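Hi,

Here is the structure I promised to pass on. Have a look at it first, and my notes on what turned up follow underneath.

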Amino acid sequence: MSRAGGPGFTDLGWARPDIDREARQGVPEVVFGPGKSAVQIAEVVRSLLAANSGPVLVTRVEPAVAAQVLDRLDDLAGGRYDPEARLLLWRPAAPRGFALAVVSAGTSDGPVAAEAAAVAGALGLEVDRLADVGVAGLHRLLAERARLDAADAIICIAGMDGALPSVVGGLVGCPVVAVPTSVGYGASLAGVTPLLAMLSSCAAGVTVVNIDSGFGAAMAAFRIAALIGKRLANRTAPQTPTPTQSTGHR
């Protein structure tokens, strides 16, 4: 049941957008684009925009489909498409004051890095993107130590041997979310090799998401940022004075 007492979703007949997710998790349901027509995406987006106040995102949308969706929703202001990230977006969140570095090993990892950066930015994280700093030329990464140290969290993206998150995880103390990509030659097994390497990292505490999941990494970073923001808000909120217990004397 919804926290408000209703069903918590909108029944479109063929889909049930989760309109209660923003109340539970701080951001509305994010729509996965592949397998859906432009008509279906537009209807889901319209229902999410009507029921929530936060950003509405559609991931993995190809340009032709994105153009059709925006055309169908031309009565709703603010929709835009990021072709590099393949992301449709309405109502981006205000900056949260949380610094996220999106670090990618090679230029071929760019599409996954773009998705991670665009989703995180849409959710209010302040993104610093470092590209082409893979371990085959370690001096490129070490030249950016100041930017790594300035981050509140790091998304680390790599294919091939997947070694970059172990290096980054050993250099910094903030949370590191590793993303294996399907980039690489035959023995990289379409991302399985870097996935296993990241899961086996000797850098303690590195978190690993699915192959090519820039979106999943961005959501992990968002949850960290949202929790920190909530804790800080609770600490700074005005406290209601506790009534002094009476001793019985007047």
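**Salt bridges, sheet and surface**

Let me start with one side chain: Glu84 has a relative accessibility of 47%, so it counts as partly exposed. Keep in mind throughout that this is a predicted model.

Who does Glu84 pair with? Its salt-bridge partner is Arg129, and the closest N and O atoms of the two are 3.3 Å apart. Glu84 sits in the loop between E3 and strand E4 (87-90), while Arg129 belongs to strand E6, so this pair ties together parts of the chain that are 45 residues apart in sequence. Arg129 is partly exposed too, with a relative accessible area of 31%.

Strand E6 brings us to the sheet. Five strands make up an open sheet, and going across you meet them in the order E6-E5-E7-E8-E9, with parallel pairing. Strand E6 (126-130) and strand E9 (207-208) are at the edges with a single partner strand each, so one side of each has no neighbour in the sheet. Further in, strand E5 (residues 99-104) runs parallel to strand E7 (residues 153-158), and five bridges join them. If you want a spot to look at there, Val103 stands opposite Cys156 in E7.

Two helices pack on this sheet. Helix H8 (residues 192-199) touches E7, strand E8 (176-180) and E9, and its direction makes about 155 degrees with that of E8. Helix H9 (residues 214-236) touches E5, E7 and E8, and its direction makes about 170 degrees with that of E8.

While you are at helix H8, have a look at Leu199, which lies in that helix. Is Leu199 buried or exposed? With a relative accessible area of 56%, Leu199 is exposed. Together with Leu189, Val192 and Leu196, Leu199 makes a nonpolar surface patch of about 370 Å².

Now back to the charges. Side chains of opposite charge can pair when their charged atoms come close. The count of salt bridges in this model comes to eleven, and here are some more of them.

- Asp75 and Arg46: their side chains meet in a salt bridge at 3.0 Å, N to O. The pair links distant parts of the chain, with Asp75 in the loop between helix H3 (63-72) and strand E3 (80-82) and Arg46 in helix H2 (residues 38-51), 29 residues apart. Arg46 counts as partly exposed, at 33% relative accessibility.
- Asp132 and Arg140: the closest N and O atoms in this salt bridge are 3.5 Å apart. Asp132 is partly exposed at 33% relative accessibility, and Arg140 is partly exposed as well, with a relative accessible area of 30%.
- Asp18, Asp20, Arg21 and Arg24: salt bridges link these four in a network. Asp20 lies in the segment before helix H1 (21-25). Its relative accessible area is 10%, and buried means under 20%, so Asp20 is buried.

One last distance, in case you want to get your bearings between two of these sites: Asp20 and Asp75 are 55 residues apart along the chain, and their C-alpha atoms are separated by 24 Å.

If you only have a few minutes, I'd go to the Glu84 and Arg129 salt bridge, then step from strand E6 across to E9 in the sheet, and finish at the nonpolar patch that includes Leu199.

Cheers

Conventions:
Residues are numbered from 1 along each chain as its sequence is written. This is a predicted model: local features need pLDDT of at least 70, side-chain atom pairs count only at pLDDT 80 or more; totals for chains, interfaces and linings use all residues. Side-chain values use heavy atoms; hydrogens and water are left out. Two strands pair if DSSP finds at least two bridges between them. Helices (H or I, at least four residues) and strands (E, at least two) are DSSP runs, numbered from the N terminus. Contact means heavy atoms within 4.5 Å. Axes are lines fitted to C-alpha atoms, for helices over the stretch in contact, and angles run from 0 to 180 degrees between N-to-C directions. Buried means under 20% relative accessible area, exposed over 50%, partly exposed in between (1.4 Å probe, protein chains only). Patches are made of residues with over 30% relative accessible area and no salt bridge: like charges are joined within 9 Å, nonpolar side chains (Val, Leu, Ile, Met, Phe, Trp, Tyr) within 5 Å. Accessible areas come from the Shrake-Rupley method with a 1.4 Å probe; for residues, only the protein chains shown count as cover.
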